[in-house]
Amino acid sequence: MDTRYNNRTTTKILLLEDDASLIDGLEYSLLKNGFQVETVRTVNEALNRLCQSTGVLQSHTDAQTPDRWLIPDTSPDDPQIFRTPANDLSSQYSLLLLDVTLPDGTGFEVCEKVREQDHRIPIIFLTASDEEVNVIRGLDSGADDYITKPFKIGELCSRIRALLRRSAISRQMPAHTLSGRQAQTPCPPASEAITSGGLRIDFLAGSVCLDGQTVDLTRAEYRLLSLLVRSAGRTVTRDLILNELWDSAGDFVDGNTLSVYMRRLREKIEADPSRPEHLITVRGFGYRWEP
């Protein structure tokens, strides 16, 4: 683990990257932009570092709780370790910056492990490909954003700052609203909510129901759907969506991300996603929710 540039700042980022040429430039540039960086180069090293950051380590034989992380140590002869979910990673790191392809696995595995424990820490993927399958895999695993290599450091820092601002606000919201996915549970009792046709969004519970069944949404999908349903019958421009859901400038977000979110929402909400009746595209402008 490399901590050469970690002595002057307080906003700490865990960087998972195995490309030595990229690591040096990222560490230096992030430091210059006010971020402290700790670097790991493998999935196993990242999982063990995240485990240690909680301050709770247990041997395999001592662990009895089934919902704890099982993380193999670097040596097969060493005891396996667990991390209890009660310790918040955000007390140690402000954000995770994950490469996708690593020598011993993928960044998706790290992201999924973190979200399984309901941690709210922001996550950005560094990917060498903008193919939709990789974008969807990253978003579905619980990532907040992705950026395609090669990228400008200014763009990356803008996305980091935007996520950190949202993260500070989101800590005041219910935890189950902010997990990578909503739990498949019955709809909560009536509260402050919007009902539109068979869709119901409960803002206090942070849940979405369709025809009485909870819809499995990521954080970004929940925010996007809520924005559109609040403006039912009116076209919401792409610029407004980006301004509301991401940074106030909105211009650093890859437009493909929004398109991916919309396609995923249609797959979960529409009876026929190829012929949407509710999530309507207004070409050249944006999107509209039709009850």
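The following exchange asks how several descriptions of this predicted model are justified.

User: What makes Cys111 and Cys157 count as buried?

Analyst: A residue is called buried when its relative accessible area is under 20%. Cys111 has a relative accessible area of 0%, and Cys157 has a relative accessibility of 1%, so each of these cysteines falls under the cut-off and is called buried.

User: How many disulfides does the structure hold, and what would a pair of cysteines need to be counted as one?

Analyst: A disulfide is a covalent bond between the sulfur atoms of two cysteines. To be counted here, a pair of cysteine sulfur atoms has to lie within 2.5 Å, and the structure holds 0 disulfides.

User: Which residues of α3 are buried, and why are they said to lie on the same side of the helix?

Analyst: The buried residues of α3 are Gly107, Phe108, Val110, Cys111, Val114 and Arg115. They cover an arc of only 160° around the axis, and therefore they are placed on the same side of α3. An α-helix has 3.6 residues a turn, so residues three or four places apart point the same way. The helix itself, residues 107-116, lies across β1, β5 and β8, and runs at about 170° to β8.

User: Why are β5 and β8 called paired strands?

Analyst: Pairing requires at least two bridges between two strands. Strand β5, residues 95-99, is joined to strand β8, residues 123-127, by 4 bridges, so the requirement is met, and the two strands run parallel. Within this pair, Leu96 stands opposite Ile123 of β8.

User: In what order do the strands of the open sheet stand, and what makes β2 and β9 its edge strands?

Analyst: The open sheet has 5 strands in the order β2-β1-β5-β8-β9, with parallel pairing. Strands β2 (35-40) and β9 (145-148) are the edge strands, as each pairs on one side only. Neighbouring strands of this sheet are turned by 20° against each other on average, with direction ignored.

User: Is Leu14 buried or exposed, and how do you know?

Analyst: Leu14, which is found in strand β1, has a relative accessibility of 2%; buried means under 20%, so Leu14 counts as buried. Leaving aside residues up to four places away in sequence, Leu14 touches Glu38, Val40, Arg49, Leu50, Tyr93, Leu95, Leu96 and Leu97. Leu14 and Ile123 are 109 residues apart in sequence, while their C-alpha atoms are 9.7 Å apart in space.

User: How do you know that β11 pairs with both β10 and β12?

Analyst: At least two bridges are needed for a pair. Strand β10 (residues 193-196) is joined to β11 by 4 bridges in an antiparallel arrangement, and β11 pairs with β12 (residues 207-210) in the antiparallel sense, also over 4 bridges, so both pairs satisfy the criterion. Ala193 stands opposite Asp202 in β11, and Leu199 stands opposite Leu210 in β12. The hairpin of β10 and β11 has 2 residues between the strands, with Gly197 in the turn at a positive phi of about 65°, whereas the hairpin of β11 and β12 has 4 residues between its strands, with Gly206 in the turn at a positive phi of about 70°.

User: Which way do the residues of β11 point?

Analyst: In a regular strand the side chains alternate between the two faces of the sheet. In β11, Leu199 and Ile201 point one way and Arg200 and Asp202 the other way, and all are buried.

Methods. Residues are numbered from 1 along each chain as its sequence is written. This is a predicted model: local features need pLDDT of at least 70, side-chain atom pairs count only at pLDDT 80 or more; totals for chains, interfaces and linings use all residues. Side-chain values use heavy atoms; hydrogens and water are left out. Axes are lines fitted to C-alpha atoms, for helices over the stretch in contact, and angles run from 0 to 180 degrees between N-to-C directions. Contact means heavy atoms within 4.5 Å. Buried means under 20% relative accessible area, exposed over 50%, partly exposed in between (1.4 Å probe, protein chains only). The arc is that of the directions from the helix axis to the C-beta atoms.
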